[in-house]
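Work through the exercises below with the coordinates open. Try each task before reading its solution.

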Amino acid sequence: MVQLPNVLPVRMKENIKIVTAGAGSGKTYRLATEVLRAIQQQEARPEGILLTTFTRKAAAELEERVRVRLLEQGAWEEAQRIRQAWIGTIDSVCLRVIQEYAFEAGQSPEIAVFGAGEDLIEFNRALSDSVTDEELEQLDSLSQSLSIQDWYDRNRDWRAIVKDVADAARANRIAVEKLQEFTEKSIDGYLRLLRKPVASATKLDKELLDQLNSACSALEKNFSSGLDTTQKTQQCLQAIRRLRGRLTFNGALPWADWASLSKLDAGAKSASAIQGLNGAAARHCEHPRLHVEIRNFTELIFKLASASLSCYQERKKLAGLLDFMDLEELCLTLLDFDPVRDSMKERLDLVLVDEFQDTSPIQLELFLKLASLTKNSIWVGDQKQSIFEFRGADPMLMQSVLDAIKSSDRLPKCFRSRPQLIQLVNKTFESVFHKQEITADIKLEPDRPEILKTPALESWLLRTKSIDADVQAIARRISEILADAEKHPVIDRRSGAKRSITRADICVLARNNDTCVKLADAIGACGLAVELARPGLIACPEVLLALAGLRLLLNPTDTIGAAQLTFLHNATEMELESWLLPRLEEVARYDLARAEGKTIDGYISWGNDPALKRVVDRQRDYGSLSPLEILHQAMDLTGVRDRCVDWGEPSRRLANLEKLAALTHEYQQLVQARGEASSITGLLTHLYRMANDSEDAQAMGGADAVTVSTYHRAKGLEWHMVVLYQLNEEPKNWLFEPSVESSKAFSFEKPLEGRWIRYWPWPYANHRKGVFLDAAVQNTQEYAAALRRAENEEIRLLYVGMTRARDYLVFAARKGNHKWLDQLTDKNNIKTFSLPQDEAATDHGFRVVSLEETEPLPSTGQSVTWFAGADSRIERPPKAIYCSNLIVADDVVNLVSASPERIMERVPIVGNPDMNDLGNAVHAFMCCDCDGLSANDKEAITHDLLVAHGVSASLRAADLVSIHGKFMAYVRNRWPGAKIRREWPLSFKIGSLELHGAADLVVETPTGHVIIDHKTFPGGEGALLEKAKSFAGQLVAYRTALEKATNIPVLSTWIHFPVSGYWVNVAVNASPETFLERCISADGIRNC
């Protein structure tokens, strides 16, 4: 939060007008009106207007509204001249200013700006150039010890932290030389939170190991004597064994493991046996190694941020490229030049700023400079909708400007929502926002009359136990509403007439993208069209067909393109089998003829497909055509637009084709600005890279479909019915993220003065509570400020969600599970809103609907395959089944849990080997009993296996020997004295079926068996978890067979991933028989 003294120059106070515009209050109409009025009263020339918006869509809408209203009034000339105004997003307006004054900026007018995602790629290259091998090894080691990647999601690591620090420095105009100063400031603040380190690290490590041994012996004694056989104590014993093995093997434990041991709990009868262990682990905050690692990691982060930022700037300069931050920085620099300022004063008549509440300090500095150059400036926004603080926006800037100017205009009415909804929002948020020092009157008066008689507010009580069950219950309720649409009438936003609700009128909001995907799949399973902003444009059938035509225009012998084109062009009339076999025979004949040296006339005919013939027979003289023009030819030749109609949902599919064309246009602009030539090959490479990086978002707005969106993405939009889901979220304190602090009071003259970057790493992974650092930090000013910011942003985000609805607002939550709503309190901590969840109650005008948990919906398979007929085949379970062919059924996948452990470093794989061949080679050696062999003999065996499987170029024999050795050492350290059984054959009957298999490794311990299976899968931790879960059926089968044969319990089952360095404990929360019965179904058997 900033504190802004009233130092705004008098002239600026006079020519800046602030307009506060609540949700649905007609902000866009007001902006268009201000522009129209200024032109009509000759206060501004059309070309003398500068207007910045948050999105390109908003800019286009505003410009069009002004043009239409000018045309309606007969102002033909002004309607044409408005196209010369500077209207666009902040980056596009900055670009136009720089292009206008390129000479003064020392830039070419042909400015090249990075395309989507390319700035991150270039920064990562700069980072790779800046880090040494020694630093890389040190960072990886420190990241593992401090559990850096476990604190973030699976796509973030120390590289993302470096990028965050670098971005924060640029966004706040902080020189790279200053980062070293911030390093020491961050470290000093952090180390003050920890206890003074003891003299001997070895003593603390030995004390922990001694306590692990003591606790392990005590718990084993209690278990074997029958004193304590509770599941809680068994789990505690397993954890102690696991961490003792890791400590013995590696010589040290990550700090997250110390935290885990300090909180470890056993059954009541064994509680005293682990008290010493809890105490020893709790002393980790005194460990000298923790202090050293915090210092070293923080120093490396800031050092690399400085080095990579300098390298990144140099790489951009050499390539002649700019990114979005450069545009703001360069524009600010330009506005300090007197010739530019003089020219801008003559050019500008009116400056308008839309969505001012999402302004960052550097943008405020830019807007203030622009305001000083023009006669009038109008800034429109709403502090209550500032939800992008994580992007650098400061929600209190607008309030500070209001306090300084001491006058503002307020839009008093809401044109969007029913009176019932407006009254709820007014009553709920008025006193809540006063806590955030938002002093303006937030109440809005309804403009719409209350025509509808149905309740505007609904509470959907979810009587469910999981997210999967939640989304399916919500989907079914939406389906029921649409099946009886007359019971939910709406007032059409355009005609004002009363009508029944439709699919496109409904939106479900969730907190994260993963849940959005689950919601979309569940809604799709109910037979409803659904719209979700998600990647996958390049994989859509209509785009695949267009690109297949493009590939064939480039190369008529492209067999993959030909296969895609012929199948997709006829996809509504054939199935996979009837198409594939003749095509394979045709390819075989073609290849045989070429091998025999026969003369080949033309290309493979692919069944004389007419669309293919049109494409391959096309004359190829494309020297004067752009890739976009060639793409349109490919669309015409393949008849893809007709296919869009045949396949259904034509508006959505055609919108995807338009999106493909737009991406092609962006590619052309990018390479042109770089001074390079565009080409079909370059375009295809660009598009496939976007798809690989999940940046190929599908088109939105082209379908009559239920919308699913995150709360953030819903800002600025509206629907007739809005369903709010995931209401049990709590604010996340971002204290342990790179954060921009300020050592000086904010001022208009120097809005960025005194800013510095603090970074404190969190070393406990997902342990948020009950650890020393959590308690130590809670009394600091930094913690209080970070928590307050997080809580305030959560309230603003909830306000955005609750103001998207026109006619119906729905709250979907389980009984009492709505912690987000519970944050709505006034200054006296009294709740301003309580969600009714009693079906018999009628207070607050709510209709309470109970949604019961029912049978799982079938999966929709939202990802589209161009072999659409493949799913129509029905497989019947054989009488004898291999355990490795069992697949976890969709309705029991939520019963599977997986816990990863990293036991060694990842081993690199060179090239793109066949993973089946590589897996067979690795598996063969991992199952060898070669403990008595010499290192040379082991390497010779490994080399022969890799050569025999054709993968010797992809994995070194020495690496595979190392994997085997480290793995076996780890197993023996974890289960000392245990017997090792390799490739143990297992079989048993379940009903009339026989299950057969062989467990790769069975460890016989005094208290039971441990089953381990090897899988060569190269994915990261997140992907490994899902992969491991998919083998739950196989592991449960092994467990069942082994327990039936030996009458000895299986303690745990594991999947070992040799290449990735992980193994994963896989557990199933269900009876083995029930679980296997679900896996042994038509859909639960892998094809052999």
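**Overall make-up**

Buried residues account for 53% of the 1088 residues in the protein chain. The model is predicted. The chain holds 40 helices and 28 strands. Of its contacts with a separation of 6 or more, 78% join residues 24 or more positions apart.

**Exercise 1. Classify the ring pair W255 and W258.**

Solution.
Step 1. Choose the descriptors. A pair of aromatic rings is described by the distance of the centres and the angle of the planes.
Step 2. Set the scope. A search of the whole structure gives 24 aromatic pairs.
Step 3. Apply the cut-offs. The centres of the W255 and W258 rings lie 5.6 Å apart and the planes are at 35°, so this pair is tilted. Stacked would need planes under 30 degrees apart, and edge-to-face over 60.
Step 4. Place the pair in sequence. W255 and W258 are three residues apart in helix α14 (residues 255-262), so about one helical turn separates them.
Step 5. Check burial. W255 has 0% relative accessibility and therefore counts as buried. W258 is also at 0% and counts as buried.

**Exercise 2. Repeat the analysis for F429 and F433.**

Solution.
Step 1. Read the geometry. The distance is 5.5 Å centre to centre, with 20° between the planes.
Step 2. Classify. F429 and F433 form a stacked aromatic pair, because planes under 30 degrees apart count as stacked.
Step 3. Locate. Both lie in helix α21 (residues 419-434), four residues apart, so they are separated by about one helical turn.
Step 4. Check burial. F429 is buried, at a relative accessible area of 0%. F433 is buried too, at 0% relative accessibility.

**Exercise 3. Which residues form one aromatic cluster with F249? Which rings have a charged end of a lysine over them?**

Solution.
Step 1. List the cluster. F249 is joined by F967, Y970, W975, W1054 and W1063.
Step 2. Take K163. Its charged end sits over the ring of F123, 5.4 Å from the ring centre.
Step 3. Take K1015. Its charged end sits over the ring of F1031, 4.4 Å from the centre.

**Exercise 4. Is R246 buried or exposed, and what is it in contact with?**

Solution.
Step 1. Locate R246. It is found in helix α13 (residues 231-250).
Step 2. Test burial. The relative accessible area of R246 is 8%, so R246 is buried. The cut-off is under 20%.
Step 3. List contacts, leaving aside neighbours within four places in sequence. R246 meets G251, A252, L253, P254 and D257, along with E901, R902 and Y970.
Step 4. Link back. Y970 is also one of the aromatic cluster residues.

**Exercise 5. Describe how helices α36 and α37 cross.**

Solution.
Step 1. Fix the ranges. Helix α36 covers residues 935-948 and helix α37 covers residues 957-974.
Step 2. Give the geometry. The two axes come within 8 Å and cross at roughly 120°. The crossing is right-handed.
Step 3. Name the contact. From α36 come K938, E939, T942, H943 and L946; from α37 come A957, A958, L960 and V961.
Step 4. Sort by class. The contact has five nonpolar, two polar and two charged residues.

**Exercise 6. How many residues of helix α19 are buried?**

Solution.
Step 1. Count. Eleven of the eleven residues in α19 (residues 361-371) are buried, and the helix is mostly covered.
Step 2. Inspect the list. Among the buried residues are Q363, E365 and K369, as well as P361, L366 and F367.

Conventions: Residues are numbered from 1 along each chain as its sequence is written. This is a predicted model: local features need pLDDT of at least 70, side-chain atom pairs count only at pLDDT 80 or more; totals for chains, interfaces and linings use all residues. Side-chain values use heavy atoms; hydrogens and water are left out. Axes are lines fitted to C-alpha atoms, for helices over the stretch in contact, and angles run from 0 to 180 degrees between N-to-C directions. Helices (H or I, at least four residues) and strands (E, at least two) are DSSP runs, numbered from the N terminus. A crossing is left-handed if the near helix is turned anticlockwise from the far one by less than a right angle, and right-handed if clockwise. Contact means heavy atoms within 4.5 Å. Ala, Val, Leu, Ile, Met, Phe, Trp, Tyr, Cys and Pro count as nonpolar, Asp, Glu, Lys and Arg as charged, and the others, Gly among them, as polar. Rings of Phe, Tyr and Trp (its six-membered ring) pair if their centres lie within 6.5 Å; planes under 30 degrees apart count as stacked, over 60 as edge-to-face and the rest as tilted. Buried means under 20% relative accessible area, exposed over 50%, partly exposed in between (1.4 Å probe, protein chains only). A charge sits over a ring if NZ of Lys or CZ of Arg is within 6 Å of the ring centre and within 35 degrees of the ring normal.
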